[in-house]
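These notebook entries record what I looked up in one structure, topic by topic.

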Amino acid sequence: MTTTAEASAETVDLFSPEVVADPFGWYARLREETGPNTGTLNIGTMMGGPEMWLVTRYEDVRQVLTDSRFLTNPPADSPIEDIRAGVFKRLDFPPDLIPWMANLLNVSDGEDHTRLRKLVSYALTAHRIGKLRPRVEKITEDLLDKLAEDGKDGSPVDLVEEYCYPLPVTVICELVGIDEPDRPHWRAWGDSMATMNGERIPATLLKCIELARELIEKRRAEPQDDLVTALVQAQAEDQNRVSDDEIIGILFSLVTAGHQTTTYLIGNSVILLLENPDQLARLKENPSMWPQAVRELQRLGPIQFAQPRFPAEDIELGGVTIPRGAPVAPLLLAANTDPRRFPDPNKLVIDRLAVGSEGHLGFGKGIHRCLGQHLAYQEAEVALQGLFTRFPNLSLAVPREEIPWILRPGFTRTKTLPLKLV
C-alpha cells in the first residue's frame, strides 16, 4: 500500500489495548473522523502487521461483504502476507500449525467454498434448526433447574460458566457429533483461542486434531445421525468431495464458531437487558418480541470485525481506490452502529429490526454469511426468555464496573457474570 502517508496521520492497531478496551468509542471515531485524502476509510493494522484499509460505514462494509471481487485470500501474486497467519507468527506460533488456525469455511473462495459450504449447509438450514428447538428447550430447562438449585439461598451464580457456555456447546457438539467425554478438550481449545493464549493454543489444538481423526474413524465404523457421519459418507461416495483434513477443518470452524459467539451473545444480552429495564419490561409484557430482540442484541455485539478481504482488482470504495490485493478489514460493529443506517444506534430498541430482514451485519453478509445464524438466534431466544421468565428478579451480584471482561480483539464478552437469581 503506497498511500499510507497521505491517507492517515495515525495508523490504528485493532489489537492495541486502547481499541480493545473501548471498541464502540474507537470505531465511532474511525467511522466519523477521516483525513483530507482518505474518503471514508482509515488505515490500521493487527498486532503491527501489514497496513490495511479499515472499512467502518454501513454501506461500505456491506459492499465488502457482498461484492464477489473481494476475496478471503490474497491474490497469488500479492506481496502482502496473509494477515491471519502473520498474527500467529507474532505469537511465536509453530509454523506447521498455522494452517489449522483458519476457519475453513470462511477462508475458501470460489468453487472450493461452494463445495464445502454445500456439504455442511443441510445441517444448519432454518428448517432443520427449527426441528432442534425441543432439544434446545430441554437442555435450557435442565440448566435452569441447576441454576435454581445453586442460587436458591441467594448465593451468586456465574451465568457464563453455568448457562451461557453449556447450552450452545452441548447443542453444537450433538449436532456435529462430538462425544461428551471429548467436549472438555474442545472447550480448552476454545478458551485458549478466546484469550489468544499463544502458549496454550498449540497443545489444545493438537489434542483436538487427534480427537477429530479418531471421531472420523469411529463414524466410518459406526454411523450416527450427525454431521461427521454425513461428511464421511459423502467422502465414501466421492473421494474428491471432501478430504479428512477438510472434515477436521469444518469441525474446528463449526465447533468454535458454534459455541463461542452464542456464549458471548447470551452473556452480553443479559447485561444489556438489565441495563435497559424499560426494554426488558416490554419483553416480559410481550414475549412474542423475543425473536426481534435477539437480532437487535446481535447488532450491538459481540462480533466486532470480520476477517480481512482482498480485492481481486482495483476497486473504488468510500472515495478511495483500493489497489488489487491490498487487505481490507470490514468493521462489523462500526457498521452496525452507523447512524446513517440505524437512528440512535447505541440505544437498545428491542423491536427495531424485523425478523428475516433485520439488516444488521453481525453475522456477516453474502456468500460467507454465518451458516449458524439460525441456530444462534434460536439458542439466544430460548436461553434469554427462559432465564428472565424463571427468574424475574434477576440482578447483578456485583457492581457493573466490577464485571470482568475478556479483552480479546474482535470480540466483546465477559469472563464471568455473577448474578443473583432472587
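**Entry 1: cysteines.** I count a residue as buried when its relative accessible area is under 20%. The model I am reading is predicted. I looked up C164 first and found a relative accessible area of 0%, so C164 is buried. I then read the value for C208, which at 0% relative accessibility also counts as buried.

Next I asked how many disulfides a search of the whole structure finds. The search returns 0. For a disulfide I require two cysteine sulfur atoms within 2.5 Å. C208 takes part in none, and its nearest cysteine sulfur, that of C173, is 9.6 Å away.

**Entry 2: helix 9.** C173 led me to helix 9, which spans residues 166-176. I asked how many of the residues of helix 9 are buried. The result is 10 of 11, and I noted the helix as mostly covered. The buried set includes C173 itself, together with P166, L167, P168, V169, T170, V171, I172, L175 and V176. I also recorded the backbone just after helix 9, where G177 has a positive phi of about 120 degrees.

**Entry 3: helix 13 and helix 15.** I described the packing of two helices by the angle between their axes and the distance between the axes. For helix 13 (residues 244-275) and helix 15 (residues 290-299), the axes come within 10 Å and cross at roughly 100 degrees. The two helices are therefore roughly perpendicular to each other. I then asked which residues make the contact. Helix 13 contributes L265, S269, L272 and L273, while helix 15 contributes W290, L297 and Q298. I sorted the residues of this contact by type and obtained 5 nonpolar, 2 polar and no charged.

**Entry 4: the sheet of 4 strands.** I looked up the strand order in this open sheet and read 1-2-3-9, with mixed pairing. Strand 1 (12-13) and strand 9 (328-330) are the edge strands, each pairing on one side only. Within the sheet, I examined strand 2 (residues 42-45) and strand 3 (residues 52-55), which pair in the antiparallel sense over 3 bridges. In strand 3, W53 is the bridge partner of I43. I then asked which strands helix 4 touches where it packs on the sheet. Helix 4 (residues 58-66) touches strand 3 and strand 9, and its direction makes about 115 degrees with that of strand 9.

**Entry 5: the sheet of 3 strands.** A further open sheet has the order 5-13-10 with antiparallel pairing. I recorded strand 5 (157-158) and strand 10 (395-396) as its edge strands, each pairing on one side only. Strand 10 pairs with strand 13 (residues 418-420) in the antiparallel sense over 2 bridges. One residue pair to note here is L396 with its bridge partner L419 in strand 13.

**Entry 6: N393.** I followed the chain to the loop between helix 17 (373-390) and strand 10, where N393 lies. Is N393 buried or exposed? Its relative accessibility is 57%, so N393 counts as exposed. I then asked which residues N393 touches, not counting those up to four places away in sequence. They are K420 and L421. N393 and K420 are 27 residues apart along the chain, and I read a separation of 8.2 Å between their C-alpha atoms.

Technical notes
Residues are numbered from 1 along each chain as its sequence is written. This is a predicted model: local features need pLDDT of at least 70, side-chain atom pairs count only at pLDDT 80 or more; totals for chains, interfaces and linings use all residues. Side-chain values use heavy atoms; hydrogens and water are left out. Axes are lines fitted to C-alpha atoms, for helices over the stretch in contact, and angles run from 0 to 180 degrees between N-to-C directions. Angles under 35 degrees count as roughly parallel, over 145 as roughly antiparallel, 65 to 115 as roughly perpendicular and the rest as oblique. Contact means heavy atoms within 4.5 Å. Ala, Val, Leu, Ile, Met, Phe, Trp, Tyr, Cys and Pro count as nonpolar, Asp, Glu, Lys and Arg as charged, and the others, Gly among them, as polar. Two strands pair if DSSP finds at least two bridges between them. Buried means under 20% relative accessible area, exposed over 50%, partly exposed in between (1.4 Å probe, protein chains only).
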